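Please brief me on this structure, covering the confidence of the model, the packing of its interior and the loop residues that deserve a note.

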Amino acid sequence: MTILFYEASTRTRVSFEVAAKNLSADVVNIAASSSSVTKGESLVDTIRTIEALGADMIVMRHGTSGAPYLAAEVFSGSILNGGDGWHAHPSQALLDLYTMRAHLGDVRGQEGRHPGRRPPFPVARSNVWSLTAAGADLWICGPTTILRGFDAWAGRWSGGGAPGHAGSR
């Protein structure tokens, strides 16, 4: 497993490293700030180099939304998203869901409200996806500028309506 972080992180990086080592994985850490990225190497070239050196899995954190999806297009192994810009932070959302289930039990049918805050809020977005998938009845509230992008989620999960409008979930 290669841990490739383009952004500073302690909890997420160390959590993945400890988990991998607990599963007996060989782990290589690469910080973009001390790699050939500083000389202009592209994300695609970095991923291809890591694959050529034998990695089967890459845990990646990148400041650009969608970067893990680009990496997955050129890598034959598995890419785990440790956070990508404004888009998502799925590993934190899984930890949040685990914690809620440990304290509340099953979250299906539980009603929750998520107040929007200033962007970026990738953890909140990932929490919306994970909690909804787990069956929670989630309400999102906030100004339109923050709720932008949840239209598809609202239409898929509540049968229509745009987030931020009265009665939408």
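The briefing below takes up confidence first, then the interior, and then individual loop residues.

This is a predicted model, and its protein chain averages a pLDDT of 81, with 79% of the residues scoring at least 70. Helix 2 has the highest confidence in the chain, and helix 2 also gives the most residues to the largest nonpolar core.

**Confidence**

- Mean pLDDT in the protein chain runs from its lowest value of 57 in helix 7 (residues 151-158) to its highest value of 96 in helix 2.
- Over residues 159-169 the pLDDT is below 50, and in the model this stretch has 24 contacts beyond near neighbours in sequence.

**Helix 2 and its surroundings**

- Helix 2 spans residues 43-52, and within it Leu43, Val44, Thr46, Ile47 and Ile50 are buried.
- Seen down the helix axis, the buried residues of helix 2 fall within an arc of 160 degrees, and therefore they line one face of the helix.
- In an α-helix there are 3.6 residues a turn, so residues three or four places apart point the same way.
- The cover over the buried residues of helix 2 includes strand 1 (2-5), strand 2 (28-31), strand 3 (57-62) and helix 3 (67-74).
- Gly54, which follows helix 2, has a positive phi, near 105 degrees.

**Nonpolar cores**

- The largest nonpolar core has 11 residues in all, among them Leu4, Ala55, Met60, Ala67, Ala71 and Phe75.
- Helix 2, strand 3 and helix 3 each supply at least two residues of this core, and helix 2, with three residues, gives the most.
- Ile58, a member of that core, is in contact with Thr2, Leu4, Ile47, Ile50, Phe75, Ser78, Ile79 and Leu80, when its neighbours within four places in sequence are left aside.
- Another core, of eight residues, lies apart from the largest one and includes Val107, Val128, Leu131 and Ala134.

**Loop residues**

- Ser24 is found in the loop between helix 1 (11-22) and strand 2, and because its relative accessible area is 65%, over the 50% cut-off, Ser24 counts as exposed.
- Ser24 has a positive phi, near 70 degrees, although it is a residue other than glycine.
- Most residues other than glycine have a negative phi.
- Trp86 lies in the loop between strand 4 (78-84) and helix 4 (90-104), and at 51% relative accessibility Trp86 counts as exposed.
- The C-alpha atom of Trp86 is separated by 5.9 Å from that of Ser65, although the two residues are 21 residues apart along the chain.

Definitions and conventions:
Residues numbered from 1 in each chain as written. Predicted model: local features only at pLDDT ≥ 70, side-chain atom pairs only at ≥ 80, totals over all residues. Heavy atoms only, no water. Helix = DSSP H or I, 4+ residues; strand = E, 2+ residues; numbered from the N terminus. Buried < 20%, exposed > 50% of the residue type's maximum accessible area, 1.4 Å probe, protein only. Arc of directions from axis to C-beta. Contact = heavy atoms within 4.5 Å. pLDDT = per-residue confidence, 0-100. Core = buried A, V, L, I, M, F, W, Y, C linked by side-chain atoms within 4.5 Å.
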